[in-house]
Amino acid sequence: GQTVKLADYQPTDFILRGVKMTLMLFEGYADVSTRLTLERRQGVLADAPLNLDGDELVLESIAVDGLTLEPSRYEATPESLKVTGLPEVGPFELAIETRIVPEQNSKLMGLYRSNGIWCTQCEAEGFRRITYFLDRPDVLAPYLVRIEADKAAAPVLLSNGNPVDSGDLEGGRHYAVWDDPFNKPSYLFAVVAGDLDLLPDEFVTMSGRTVTLGIYTEKGRAAQAAYAMDALKRSMAWDERRFGREYDLDVFNVVAIADFNMGAMENKGLNVFNHKYVLLDPDIATDTDYAGVETVIAHEYFHNWTGNRITCRDWFQLCLKEGLTVYRDQEFSADERERTVQRIGSVRRLKAHQFPEDQGPLQHPVRPSEYREINNFYTATVYDKGAELVRMIATLLGEAGFRAGMDLYFDRHDGEAATIEAFVACFEDATGTDLSQFALWYSQAGTPTLTVTEQWDADQRRHAVTLRQSLSKGAAGTGTEPMVLPLRFGLVGGNGEDSDAEGHVTGGAELKDDLIVLNGTEATVTFTGLADRPYLSVLRDFSAPVTLAHEQSEAARIALARLDPNLFNRWRALDDLLANGLTEAGRRPLGDATPPLGAPVIEALLASAGDDSLDPAFRAQALAMPGEADIARQIAENVDPDRVHEVVEAARLAIGTKGLAIFERLRGSLAPDAAFSPDAASAGRRALANAALGYLSAARGEPSDALAQYETAGNMTDRLGALAILVHRFPGAEGTEAALGDFYRRFEADDLVLDKWFALQAAAPYHGAVETVARLAEHPRFTMRNPNRVRALVGTFAAGNQVGFHRADGAGYHFVADKLAELDRINPQIAARIATTFRAWRSFEASRRTKLAETLRQLSEIKGLSKDLQDIVDRSLK
Ligand code: HT7
Ligand code: ZN
């Protein structure tokens, strides 16, 4: 495949003025007729041809201004359409007809059918699978779309914009016409047609306009969209309050679809969702599912301004809409739920997904400068690190400055396809700040290391804090210049209060209140007038996405875990204590019995767990052990996943045993509420009760508590929490198989719950999981055609089961590689995404490292591999 480069960007030779389309949907095929109003751009050579993109297309007919073209005037292949002899000046109409087969579209890009429903997915390059087009984000136009279909098969016909006409046709068919007046790129185009149920509602905007809202679902499931609808209305109100952004069309529709490559898609006025992020009720969904629905609904809605009204000039600018919109959805959740707990979740996610990407062979800058397959750049770096960059701008400029920059961005670029430079310039212009050095964050890949050392001068009552940043050249080979690191901090006294001691800077930093902005390689901040040596709490709220190397005693961390007025850093102190202990123990050989955590660390953890003045959700976060993959990443080399698992289990047992009384008390005091409520406080109590159950079961070494909870659970959070303990800790125990069987029988009619049944078994941390997963891949309900099911089984095994996937004989690698080869022929996008789990191969001990590399090499040599999978495999091997 060809490499696309940012440096090669050129606008199109032809300007698109408008699009009129008719989609005629039939059983077995669809006829697509497109009329494009085009005009040669001024200054473009008179004989320059028009080059349109296609993907697996068949051209049925082509005409210019009503006249069918001679074959000498065009060249059509499945991937392109070149037209010559087009008018030199003025607009002309190009009419193109294609016939496509949605039923055979297993890539789920373009127009496809999911459980009989016609639906589209056009980002990034799916529109070219529907018709030949200038399929790139800087080509914007209004669309008028007519859909025709059999009325019984598809009583609902939806597209972008506002509905303007509908009616019956001969032969039991009918039509609907949708008009989208807002200029949009083709990736935001959508059509949905099918027999769907509707949850209707409305929203009155800040200027008093009534917007008709609809969530469409499979038959009989509209009631399960109630929470999504509530989240949608809260998102609309929040965007008005927080950013002054009002919705712009008369209608806003959401459709829930079973077969979907990602979480959801922000098509203008017609968001299409993976039904996992719409359909809920307490019997089938966990608290995590509720939070996921809220976030994804908000995220897609917020794209209406950050993505749709202002879009990206090219796909290199993807973070312009994705990083910014993730930042916006994170802020929404922080305002709607509990800020610190939300931030802990975002940072956990960043460290679990983005850090390994940034520190391995798939490393790339937040704004990449080249790609072979754009689908492979919807990454944690673009999304989550991209959000961190926006957060740092907000930290540097303060609330008012950030809002002024955002207002200017909306004002200045509404209706445009913009760039990162244009975005950053708005913050510079609105506040008079020079952000040119800050902008290096967008082009330099890798996670900077921030080294912090402290020196207490007891005679002078002075505390010197030295900060040093470094960035090593990684796989992307980008620059390593010092960047701008906004570091929130506090000097905590023994009374748990921040000192207001004065600080003086030497070297490359600026000090503003509770913020040190490190912009040089090194700086020292000396604080004077202190009565006693303070505890330094640095990088509060994780104010910059760095690896923190803070030489700090265990005693100081334990003190901060108890005292820090910044709750986020209290959590981080505990998390660091656990992670450091587990990492050190993980480096020792398998079987080494030295306890991974010292008594003071366990006591500090238990003190937080048992502190009823703290939010239960926070305490649940404190009790959640770092993931085995996170510990492996910290160990960095010669990792033995069996050893990592061994030390995590030893730590769990030690915490459970020492905290037995606390966990018993928590179980008693956090009895389930009579009626289920999905609010954050109730979810926090359930999370803490389930964490306590995990430790209690580990300490007692028997499953009766989990079995009892499974049998009496009144909601999915408690049921699945108990079942996970049974399946993961008591695989052979009496009751475990029965509970697993009961779960299957109870929920077999519901694919979303069945995914949980597959995923739970795929994650079971045993060597035998390879055989279990291979058996489940033969289960009648397993299918490669549904991305959720593949992710539940193959994805969870590869990414969420360190012990099973990395079994020493390589059987886990072979199983996943075989499945990827098979999946690649069906849905390459999903195959490529799951294949990224192989990227960490260099960090494992020699035997596994060799086997992983060998498996990657075998994959890379398969004839006819997709561009998607080939790209991931080749880059992983580099
Ligand atoms: N903008 C969307 C990203 C997307 C996508 C969604 C579904 C299927 C394929 C896709 N490719 C890219 C989702 C979002 O970030 O909001
Ligand atoms: Zn997005």
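Biologist: How many helices and strands are there in the chain?

Modeller: Keep in mind that this is a predicted model. Going through the chain, you'd find both kinds of element, and the tally is 26 helices and 31 strands.

Biologist: What radius of gyration does the chain have, and what would a compact globule have?

Modeller: The C-alpha trace spans about 90 × 65 × 60 Å along its principal axes. For 878 residues, a compact globule would come out near 29 Å, so the chain agrees with that picture at 28 Å.

Biologist: What share of the contacts between residues at least 6 apart in sequence join residues at least 24 apart?

Modeller: Some background on packing helps here: buried residues make up 51% of the 878 in the chain. As for those contacts, the share that joins residues at least 24 apart is 70%.

Biologist: Where does helix H21 bend?

Modeller: H21 covers residues 787-800, and its end C-alpha atoms are only 17 Å apart, while a straight helix of 14 residues would span 20 Å. There's a bend of about 35 degrees in H21, and it sits at Val794.

Biologist: Is H21 mostly covered or mostly open, and how many of its residues are buried?

Modeller: To count as buried, a residue needs 20 or more other C-beta atoms within 10 Å of its own. By that count H21 is mostly covered, with the buried residues numbering 13 of 14.

Biologist: How much helix and how much strand is in residues 446-550?

Modeller: UniProt, in an unreviewed entry, lists that span as "domain: Peptidase M1 alanyl aminopeptidase Ig-like fold". Its end C-alpha atoms lie 19 Å apart, and the make-up is 0% helix and 56% strand.

Conventions. Residues numbered from 1 in each chain as written. Chains lettered and ligands numbered in written order. Predicted model: local features only at pLDDT ≥ 70, side-chain atom pairs only at ≥ 80, totals over all residues. Helix = DSSP H or I, 4+ residues; strand = E, 2+ residues; numbered from the N terminus. Expected span 1.5 Å × (residues − 1). Bend = angle between axes of the 7 residues up to and from the residue. Buried ≥ 20, exposed ≤ 12 C-beta atoms within 10 Å, placed from the backbone. Rg over C-alpha atoms; globule rule 2.2 N^0.38 Å. Contact = placed C-beta atoms within 7 Å. UniProt positions renumbered as here; feature names shortened; annotations may be inferred.
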